[in-house]
Each structure stands twice: as C-alpha cells, then as structure tokens.
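Work through the exercises below with the sequence and the model open side by side. Try each task before reading its solution.

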Amino acid sequence: MPALTAIDLERFLVWGLVATVAMSAILEGSRRLHWSRMSLPFLFGTAVTDTSRLASLVGFGLYMLGGWVFAFLYAWFFEAIGRAGIWLGAAVGVLHGAWLLVVFLPLLAEIHPRMATARTGLTRTRRLEPPGLAGLNYGTRTPLITMVGQAVYGAILGFGYGLG
Amino acid sequence: MTAIDDRTEAEAAARAALSPERADYPPIGAYGLVGDGRSCALVGRDGSIDWLCWPDFHSPSLFAALLDRRRGGRFRVGPVAPARRIVRRYLPGTAVLETVFTTDDGVVRLLDFMAIRENVALEPLRELVRIVEATEGAPEVAAIFAPRPDYAGASAAIGDRSGVALSCVTGEGAAHLVTDFPLAPGEVGARTGRLRLQAGERRAFSLTFSGDDPGVLAPVEEADATLARTCAYWRGWSGRCAYRGRHREAVVRAAITLELLTFAPSGALLAAATAGLPEAIGGALNWDYRYCWLRDAALVLRAFSDLGYQEEATRFIDWLLHTTRLSAPALKPVYDVYGRLDLGERTLDHLEGYRGSRPVRVGNAARGQVQLDVYGTVVMAAFDFVERGGTLDTDACSYLAGFAEVVCRQWREPDDGIWEVRGPRRRHTHSALMCWTALDRLIALADRGVLAIDRERAAATRAEIRNAIETQAFDPDMQAYSGLMDAPALDASLLVMARTHFHAPREPRLSRTHERLRRELGAGPLMRRYDARFDSPAQDEATFCICAFWEIEYLARRGEAARAERQFEAMLGHANDLGLFAEETDAATGEARGNFPQAFVHAGLVNAALWIERARATGAEREGR
C-alpha cells in the first residue's frame, strides 16, 4: 500500500481533468447522436434537485468532481503496483466500466430519490426511468459506450500519470 | 370492474384492430387536433391516434395509421361495443378534445390532450394524456398501443421498464407509456387490453417522450392535475382573444388551431399538421406540409395581431425576419421551423398512403421554386406589424430595405406563382401584384423614416408594375384580371387585390373580376383556385377553402356585410364537427382534402370574421345606429 503522500498531486489533478473531459465528451456525444440516453450528470443532478435546468448544472459539477475522485483512486492504484501506462489504464477503465454497469447503476436506481423502480413503483417523486440491466433501458449501445468511455478515461490517466 | 387479461383475447383484439378488414380510412376531416406548441397528434372519431410525430412536428412519426392503416401504427382507446352515437367537442376555450361514445353497454367519455408544462420541475419533455371514463352504464373499453417508430420503418419492439412503464425506442429518443389500464402483449409491437368500467370509474394513459436523457415519466395519478393545468392555460390564452363578434366560437377555435400549429421555440407557423395527405384521392400530389410557407406570413400576422395576440405576432415576425436571412437577399417559398432550407424530400415507399394515394412524401423540395409573391407577403407582414405598434430593429430594417432592390430587378421574371404550378415558369399577375405591394409598403415605411431605400427607383418601378397589371393583365374579353400576365385565365388569388390596396374594393375592374370568379369558379360558398386556362387542374380537383375566405373578406371590405356573413356561415358548415378545415373541400361530397388542419385557411377565417365585424360596425354607423 503506497502512502497517500506518494501520489503526484499535480499529475492526478491535471490528467484527471483531461480524462474526465474526454470521457464526458464521448458519453455526451453518444447522447447527441442518439446512441444512448444514459447521462450520469443528469442522474447525479436529479438526485440533488428536481429542477431540470439546475439538475444538469449541479450534475455536471458532481460528475467532474467524481472524475477527480476516481483519478485519485487510479493514481493510488498506479503507485501501488509501481507502474502506469495507456494499456494498463485502459484495462482498469474497462474494469471500472463493468463495475459501473453491473454494480453502480443498480445501486443508484435503489438509492436515487427520484428514480422509479420495480420495488417503489412510479410515484410523484420517483419518476425517472430506471436504467435496467447494465443500463440497457437507456439504449442497447449503452454498455458498449460506457466501456469505451471508461477505457479512454483510464488510458488517458495511465498515459498521463506514467509520464515522468 | 372486470379485467380481461386473457392472452388469447388480447391477441384477438390486437389482430382485430390491425387486420386488413379494418383497413378502411376515415375521412380526412374526421380527425381532431391536440398539441403543445412543439408537436401534435390527430385523434380519430373512433378514439384512435393515427398521427403523432415526436419530439417535434417535423420529426418522424410514432403513429401513422393515417397513411397506412395496417402498417402505420396507432394508439386507440374506445368502447368495445359499436358506438350508436359519437359526439366530439373541445372543452370550451381549450385544446382538450372530448369524445363521447354512446353504446348499448353505456357511455364512454375520452379526453385527449397534450400537457402544457412550465419546464421548471422534473417533468417529461412531451406528454400526451388520455383519460377514459364510464359516465353511464358499465361499458367495456379496449385499448391498443401499437407504436411504429420512424414512419413505421424501424423496429416496433416494446420494452418493459421494471414494471413502471412500457417503452418504445425511436430514432430520436424513446416513448414511454404509463397507465393503470391492463395491457398485455398482443401481436408483435402491440399491447392490448380490455376492461369493463363501472359508471364514474376512470383510467388514464400518459405517453411521454424523452430525447437525450433518461426518461422522466408521469404517474397517472397526476393526470387530473395535468388536465386542470392544461385547461387553465388554454382558457387563459383564449380569454385574451379580442374578437367579440357573433362568431367568437369559430374564431377562437381558429386561433387555438393557429397556436397549436406554431412551433413555440422559434415562433414559426407550420402550413399544416400532417404529411402525405392527398389533394386528390389516389393521386400523387401528397406533400409534407410540416414546414413554413412565407405566403402565409401577412395573413397570419394580421390574424394574431388583430385578435390581440401581439406577443404571438412579435414572435412570428421575429422568426420571419431572422430565420429567412439564411437565404438573403433572396427569399425561398418554404423554410423549416428553424429557417433551414434543406428539407430533404424523400418518399416512404413502404407506406401505402391515404386510401392508396402514393407516394407518401416527407421533407419538401419546394426550395427550388421561385415565387416572387413572397417578397410582398413578408414586407406586408412587417408593415402591418409596424402599423400595429411593433418596432423593427436596425438589422431587420436593413434586411427589408434590401428587398426593394431584389423586387425592382426581378418583378418582370416568370415564376412558379402562389399555386406552385408545375411546368414552365410563367408571369403571374398575383406575383406582380405582390411585388407592387412590396414596393408600396417599403415606400410607406421609408416615408415614415423606419428604413431607407432608393425611393425614386422604387416609386418608378411601382408605377411600372401597376401599368403592366392594368395593360397586360386585365383582359377586355373576360372583363376581368387574368391570373397570367400574357394570357387569359381566372385566378382566385387576385381577390386579395383589395387587401393590398392596389385597388379600392369597389373599383369597377376589381368588381367585375370578382363577379367573373364567382360565376366561373364558385360552388356554393366554396371556390376553386383557378380555371383550366391557368393550369390543367386534376380531374377531380377540389375547391380551396382559402379562396372562399378571401372572397368573404373582399365582400366585407366592399361593405357587403350581410352577404359576407351568409357566405361565412355557409363556410363554417364545411368545417368538421370540431371547426377544423383542411386545405381543400370537395364541393360535390363535402369531404376534406389535402393536409389537415391547414393554418392558412384558419388565418383566412379569422381575417374574414374580423372584416365582417368591421363592415357591420361601419354599416351601423352609416345608418346612425
């Protein structure tokens, strides 16, 4: 286990931002192209507020923060194994994507205060479409796009953190 | 309440609803319109939504049984037993459609509307609400939900969203159905169900659309609150209508129809709600009217302004003057709601078309046409706007002033004319008249200091156009103005001559032209658009409703209020039971033809009604009352 002080703060902040921006561009771009309707910023934002416009803004802020949090975990992982690189980062990203689809989304559906589920049904407050298995409710390409986005995120972090 | 969820029965119901035996098409005029200012749906007398394009008017359809009964897709809610009587109306002052079916089992009331929302809270992008209730007896109600996305060209699979909604993926998002009505899988791509309701019992359907985001659904418990909010919105809107004459109900309905056909985000007004409905049954003239024709501009602006809808008029003129700059200084006949010109016409060969009227076209290739009259309609709309207290910004004034040069240069050239006649271009009198109007109003605006033009040149050209119309277009043998500058032919569009102030309404040449048009093109209160010398009309070409309203307005401008009113009331008899008009009416059968409902006609109705009131008031004044 590496000490937290071993993490290069500047590199994880800079490359965490770059990776998050690249990943969000892929995910948001896929929405604009009608390949998938999954929007993590929207889901994060609506967990905080039921005002549509505010939800998008708040959600995007939370999403960027989340990108840094995960960048920190990636950096910690790279320090722990003593190496970093594009392919290693991409592999971690794919793993991360699979976790998002299989663990995080079902969990989010349960804890999200505005998401309808089979358990809660559709109510005045719980009115968001649930993601379903691996986010497939938001489009059949959702798992693939999520994996690609996360792989790119990991690859950029692996590349950036590996520099120097 | 008895829920019949037996799979075999559900499948049988689905087959019955989609089978070739039911491949009969209702009359075009049998539909009601509901909408939310961004999209709209047509609801048949049987409770079937046969046309819905989402998310916007010009998007591909989700239901298009209007154009193919078997393949197009529909969403029907109605009684199982045959209806002995069907009565429809809009709830007063609203766009909420009520259909009451009387059957041997009881009475079923169906409410259809698109929700008006404020886009503040977490609400669906679009929502179509259907509320069905038994008001008497214990009628059995059937429902079939059979979406066919992308004009029935895409997969029609319906997915279950964790038991809270049924969803259907479209090319631009997904549609979600939430209901407390039991629906079971029927044929591929359909959910069907039956339910016996007791008097007072009701069920609701909420069909929503999500574009790029996860769907926001609407619980059916909210349906009544949504209905109340939507009614309140429309009653507030229609309550602003300044017309207080004796035809208020028809005028308010026409105004609401115009508002339903206005694309709220840009202020653009669609020509009609549909695509592909035929001008002649079985014919090939099946165009997509979900676009904005500039020829409608002046008529629409006056209708909104004079009814007191200044905000709507301002929105429309903003759209008109800003979006048409994409083609400046030339104007094209048709634009989309955002002012784009590339409307990508294509045919949908997999659809059989309304009563076999093929091909079904979507998109529109009219941009290739030249219609010189559009300069006059745009300038006249801007002039009317200024005259009614509106102000134009510097850019708009400079843009309008640029038309003077275009008109002076081009007015002699042949064009396709207001009727978009196929074949070689010709010199149309109506186009020349509207070029004269453009210069006349530009000179008036210049004289008021609103804009700057080469006044001398504009005035000289205006005089030249007047001279050309008087010497080349007036045919001594016909004793009427011809629709063509170089040959005799009758054209009802010249009835707008008084409105343009080219002539006073009682000017002898114009009066004689009107008499001739009435005699040769009139059919009761209706009127054909032109005679065979103008263009070879289709064998069974119907009458054009706008021509009838032009005539009524002309009569009212002449001060013939009583005659105008008689014809107006006779024309109202040619609307459907909800007060809606298509582009054309078959004089022999009374059936509506062409796309439906058509904005131009409803704007014509409003202007005619306003002029009748003015004529009556003037007549009353003259008689000292």
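## Exercise 1: Packing in the core

Start with one residue of chain B. Leaving aside neighbours within four places in sequence, B:Ile469 is in contact with B:Thr429, B:Ala432, B:Leu433, B:Phe474, B:Tyr481, B:Met485, B:Met497 and B:Phe502. Keep in mind that this is a predicted model.

**Task.** Find the largest nonpolar core and name the residues with the most contacts inside it.

**Solution.**
- Step 1. The largest nonpolar core has 194 residues.
- Step 2. Those with the most contacts inside it are B:Leu207, B:Leu400, B:Trp419, B:Ile469 and B:Trp550.
- Step 3. Look for a second core. A separate one of 33 residues includes A:Ala75, A:Ile156, A:Leu157 and B:Val216.
- Step 4. Set this beside a general tendency. In soluble globular proteins, nonpolar side chains tend to be buried together.

## Exercise 2: Two helices by length

**Task.** Check the span of helix H3 of chain A against its residue count. Then treat helix H6 of chain B in the same way.

**Solution.**
- Step 1. H3(A) covers residues 52-81, which is 30 residues.
- Step 2. At 1.5 Å a residue, H3(A) should span 44 Å. Its end C-alpha atoms are 43 Å apart, so the two values agree.
- Step 3. List the buried residues of H3(A): A:Ala55, A:Gly59, A:Tyr63, A:Met64, A:Gly67, A:Ala71, A:Tyr74, A:Ala75 and A:Phe78.
- Step 4. Compare the spacing in that list with helix geometry. An α-helix has 3.6 residues a turn, so residues three or four places apart point the same way.
- Step 5. Ask what covers these buried residues. The cover includes helices H1 (9-32), H2 (40-48), H4 (86-111) and H5 (142-162) of chain A.
- Step 6. Look just past the helix. A:Gly82 follows H3(A), and its phi is positive, near 80°.
- Step 7. Move to H6(B), residues 310-323. Its 14 residues reach 19 Å from first C-alpha to last, close to the expected 20 Å.
- Step 8. In H6(B), the residues B:Glu312, B:Ala313, B:Phe316, B:Ile317, B:Trp319, B:Leu320, B:Leu321 and B:Thr323 are buried.

## Exercise 3: Where the chains meet

**Task.** Describe the interface of chain B and chain A by contacts, area and salt bridges.

**Solution.**
- Step 1. Count residues. 27 residues of chain B are in contact with 26 residues of chain A.
- Step 2. Take the area. The two chains bury about 2300 Å² between them, 54% of it on carbon and sulfur atoms.
- Step 3. Find the main contributors in chain B. B:Leu122, B:Asp212 and B:Pro214 lose the most area to chain A, together 32% of what that side buries.
- Step 4. Count charged pairs. There are 4 salt bridges between chain B and chain A. One pairs A:Arg31 with B:Asp213, with the closest N and O atoms 2.2 Å apart.
- Step 5. Add polar contacts. Across the interface, 12 residue pairs are in polar contact.
- Step 6. Ask which element gives the largest share of the side of chain B that touches chain A. Strand S14 (residues 173-179) of chain B does, with 4 residues.

## Exercise 4: Salt bridges and their surroundings

**Task.** Which partners pair with B:Arg84, B:Arg202 and B:Arg518, and are the residues of these pairs buried or exposed?

**Solution.**
- Step 1. Get the total. The whole structure holds 60 salt bridges over all chains.
- Step 2. B:Arg84 pairs with B:Asp104 at 2.8 Å, N to O. The two sit in separate loops, 20 residues apart. Both B:Arg84 and B:Asp104 are exposed.
- Step 3. B:Arg202 pairs with B:Asp224 at 3.3 Å. B:Arg202 is in strand S17 and B:Asp224 in helix H3 of chain B, 22 residues apart. B:Arg202 counts as partly exposed because its relative accessibility is 30%. B:Asp224, at 41%, is partly exposed.
- Step 4. B:Arg518 meets B:Glu551 at 2.7 Å. This pair links helix H11 to helix H12 of chain B, 33 residues apart. B:Glu551 has 0% relative accessibility, so it counts as buried.
- Step 5. Look for a network. Salt bridges link B:Arg302, B:Asp306, B:Asp384, B:Glu387, B:Arg388, B:Arg448 and B:Arg614.

Conventions: Residues are numbered from 1 along each chain as its sequence is written. Chains are lettered from A and ligands numbered from 1 in the order in which they are written. This is a predicted model: local features need pLDDT of at least 70, side-chain atom pairs count only at pLDDT 80 or more; totals for chains, interfaces and linings use all residues. Side-chain values use heavy atoms; hydrogens and water are left out. The expected span of a helix is 1.5 Å times one less than its number of residues. Buried means under 20% relative accessible area, exposed over 50%, partly exposed in between (1.4 Å probe, protein chains only). Contact means heavy atoms within 4.5 Å. A nonpolar core is a set of buried Ala, Val, Leu, Ile, Met, Phe, Trp, Tyr and Cys residues joined through side-chain atoms within 4.5 Å. Buried area is the accessible area (1.4 Å probe) that two parts lose on being put together, summed over both. A salt bridge is a side-chain nitrogen of Lys or Arg within 4 Å of a carboxyl oxygen of Asp or Glu. A polar contact is a pair of N or O atoms within 3.5 Å; within protein, one must be able to donate a hydrogen and the other to accept it, and residues adjacent in sequence count only if both atoms are side-chain atoms.
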